[in-house]
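Visitor: I would like to learn how to read a structure, one feature at a time. Where should we start?

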Amino acid sequence: MTFQVYDTTLRDGAQREGLSYSVVDKLAVARLLDDLGVGFIEGGWPGAVPKDTEFFRRARTELDLKHAVLVAFGATRKAGLAVDADPQVRGLLDAETPAVALVAKADLRHVERALRTTAEENLAMIRDTVAYLVAQGRRVFVDGEHFFDGFRHDPAYTAAVAETALAAGAERFVLCDTNGGMLPSQVTAAITDLTARTAIDPARLGMHAQNDTACAVANTIAAVEAGVRHVQGTANGYGERPGNADLFAIVANLQLKLGMPVLPEGCLEQMVRVSHAIAEIANIAPDTHQAYVGAAAFAHKAGLHASAIKVDPLLYNHVDPAVVGNDMRILVTEMAGRASIELKSRELGVDLAGHPEALATVTKRVKELEAGGWSFEAADASFELLVRAELPDRAVPRPFALESYRVLVEHREDGAVVSEATVKIRVRGERVIATAEGNGPVNALDEALRVALARHYPELRDFELADYKVRILEGSHGTGAVTRVLVETAGAGRDWTTVGVHPNVVEASWHALVDALSYGLDRARV
């Protein structure tokens with residue numbers, strides 16, 4: 001039976017706190033998921049949510065899906081109401097999707113206390129709705145809500161729910177860990193028990209896991225190893241409470257660890273791009289440490305790791321990062337050895353392999369600076385400048401020489417706070433003095449420096465201070481403190497990060513700003 005990858009980012013994933021997709025967002029996410037090659041995209045609940053109704057209407061003309069089938073989500077008919085008279089069921093048909101997903105109560109306690117109906121009527125609701133939608137030409141999936149909790153409470157009834165759905169024509173019956181409380185061994189035991197007491201083929205079962213025990217991905221993999229052939233998840237694990245099973249980790253594990261080609265050929269390598277693009281649409285910062293797709297997923301810090309990676313990258317990578325569209329990164333810290341420095345330099349386009357003295361000098365210098373509070377693991381541009389300074393033919397020239405700078409902060413009578421900076425520099429033999437105001441001392445200093453350099457370096461017009469981070473390093477010098485500043489600069493279609501460290505925050509910022517402009521101007525000449 002064909003393996004099915006089913007995405008519910010636009011419905012279950014949208015229940016994450018603080019997340020709200022517009023219709024345009026939902027259309028964009030659907031296109032990205034299709035690029036990944038998922039088999040099914042659950043778009044929302046038409047009829048119940050106006051935004052979802054509009055999404056399905058626009059999807060008919062605006063989505064040209066290559067891999068995925070669009071799915072409308074809803075519930076079984078209401079108790080005591082004929083299925084063809086239920087407006088919610090009519091809304092599912094009006095969505096005009098090839099497939100429909102129905103949520104059905106699989107726990108007798110929920111049937112009696114939440115639905116306030118009988119066990120028999122709940123089974124009839126499932127049977128009638130599935131049969132009706134199948135007769136209307138729809139593929140039907142049934143999500144057994146609270147399946148695992150219900151199976152523990154009354155296994156005979158919960159098994160009857162699954163049998164009823166499949167007998168009525170459902171393509172898959174999905175086992176839902178709605179409360180997210182299961183562990184992998186418990187998932188395996190439940191599936192084994194269910195298939196032993198019924199004639200259900202496990203290949204007709206699906207798995208939908210919430211992440212309340214941090215086991216959602218593991219529970220899903222356990223279900224597949226028990227014979228399930230339909231998995232549900234959300235992009236980046238978005239969802240209510242701690243979230244849903246991360247679809248990216250699920251499919252990567254299935255494909256790379258279990259050898260199951262669950263995505264079309266060539267799609268797995270789109271994973272990082274799709275993950276980050278969906279995060280941008282959701283306005284949620286990508287999780288740096290997310291498995292497979294995070295920026296740190298294949299980042300190595302220890303010198304011991306780097307020594308082995310230099311021989312063979314797979315010695316410390318569980319898979320080749322490129323297969324999911326990611327890259328290996330070497331972090332330069334006080335833990336770095338010569339191998340780390342050499343590999344990181346090579347990553348940045350500077351090969352120190354033939355320069356042993358420069359390699360030794362840079363390694364010693366990094367350790368000394370890191371001991372003083374500097375950090376290069378997030379400041380590749382400053383590290384590259386440091387390395388190239390040891391290679392006479394590759395060193396980056398400073399675009400100016402500093403004579404002095406001064407920063408003033410004025411609190412005016414009307415309550416306004418204004419910062420003003422003056423810089424005195426020498427540029428190509430010319431002494432230049434420039435003054436500028438800013439919304440803070442660092443912004444004023446940045447503006448004044450740009451004014452002073454503008455005539456000689458017009459490329460600066462394209463540079464933008466994109467981010468500025470300050471960290472106070474307590475106790476670095478007795479009872480004093482050292483300030484570390486990270487500056488992210490954007491320009492010419494790329495961005496770079498530099499670092500500065502000093503007890504004075506303005507001086508620390510100055511170091512980071514000078515590195516940022518020096519690096520950017522050098523890149524602009526390439």
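Guide: Let us start with a cysteine. This is a predicted model. The sulfur of C176 lies 17 Å from the closest cysteine sulfur, that of C215, which is too far for a bond.

Visitor: How far apart may two sulfurs be and still count as a disulfide?

Guide: The cut-off is 2.5 Å. By that rule, the structure holds zero disulfides.

Visitor: Is C176 buried or exposed?

Guide: The general idea is to compare the relative accessible area with a cut-off, and under 20% means buried. C176 has a relative accessible area of 6%, so it is buried. Another cysteine, C267, comes out at 5% and is buried too.

Visitor: What share of the chain is buried?

Guide: Of the 526 residues in the chain, 53% are buried. As for the overall build, the chain has 17 helices and 16 strands. Its C-alpha atoms fill a box of roughly 90 × 60 × 45 Å along the principal axes.

Visitor: How many residues of strand β7 are buried?

Guide: For a strand, look at each residue in turn, then at the two faces. In β7, residues 205-209, five of the five residues are buried, so the strand is largely enclosed by the rest of the structure. One side carries L205, M207 and A209, the other G206 and H208, and both faces are covered.

Visitor: Which strands are joined to β7 by bridges?

Guide: Here one reads the bridges between strands and the direction in which the strands run. Strand β6, residues 172-177, is joined to β7 by five bridges, and the two run parallel. L175 has M207 of β7 as its bridge partner. Between these strands the chain passes through helix α8, residues 184-197, in a right-handed β-α-β crossover. Strand β8, residues 230-233, is also parallel to β7, with two bridges joining them. M207 appears again here, since its bridge partner in β8 is V231.

Visitor: Which helix belongs to the β-α-β unit of β7 and β8?

Guide: That is helix α9, residues 216-225, and the unit is right-handed.

Visitor: Let us turn to empty space. How many cavities of 30 Å³ or more does a search find?

Guide: A cavity is read by its volume and then by its lining. The search of the whole structure finds one of 30 Å³ or more. The largest cavity has a volume of about 40 Å³, and its lining consists of D446, R450, L465, T489, L513, A516 and L517. Helices α16 (441-453) and α17 each give two or more residues to this lining. The largest share, three residues, comes from α17. By class, the lining has four nonpolar, one polar and two charged residues.

Visitor: What is the volume of the second largest pocket?

Guide: Its volume is about 410 Å³. The second largest pocket has 17 lining residues, and those nearest its centre are W374, L385, L386, R398 and D515. Two or more lining residues come from each of α14 (356-371), α15 (380-388) and α17 (505-525).

Visitor: Which element gives the most to that lining?

Guide: α17 does, with four residues. Helix α17 thus turns up in both places: it gives three residues to the lining of the largest cavity and four to that of the second largest pocket.

Visitor: How do the residues of the pocket lining divide by class?

Guide: In the second largest pocket, 11 are nonpolar, two are polar and four are charged.

Definitions and conventions: Residues numbered from 1 in each chain as written. Predicted model: local features only at pLDDT ≥ 70, side-chain atom pairs only at ≥ 80, totals over all residues. Heavy atoms only, no water. 1 Å grid on protein atoms, 1.4 Å probe; cavity = no way out; pocket = protein on both sides within 12 Å on 5 of 7 lines; lining within 4 Å. Points joined across faces, edges and corners; volume = space filled by probe spheres on them. Nonpolar A, V, L, I, M, F, W, Y, C, P; charged D, E, K, R; others polar. Buried < 20%, exposed > 50% of the residue type's maximum accessible area, 1.4 Å probe, protein only. Pairing = 2+ DSSP bridges. Right-handed = clockwise from strand over helix to strand, strands pointing away.
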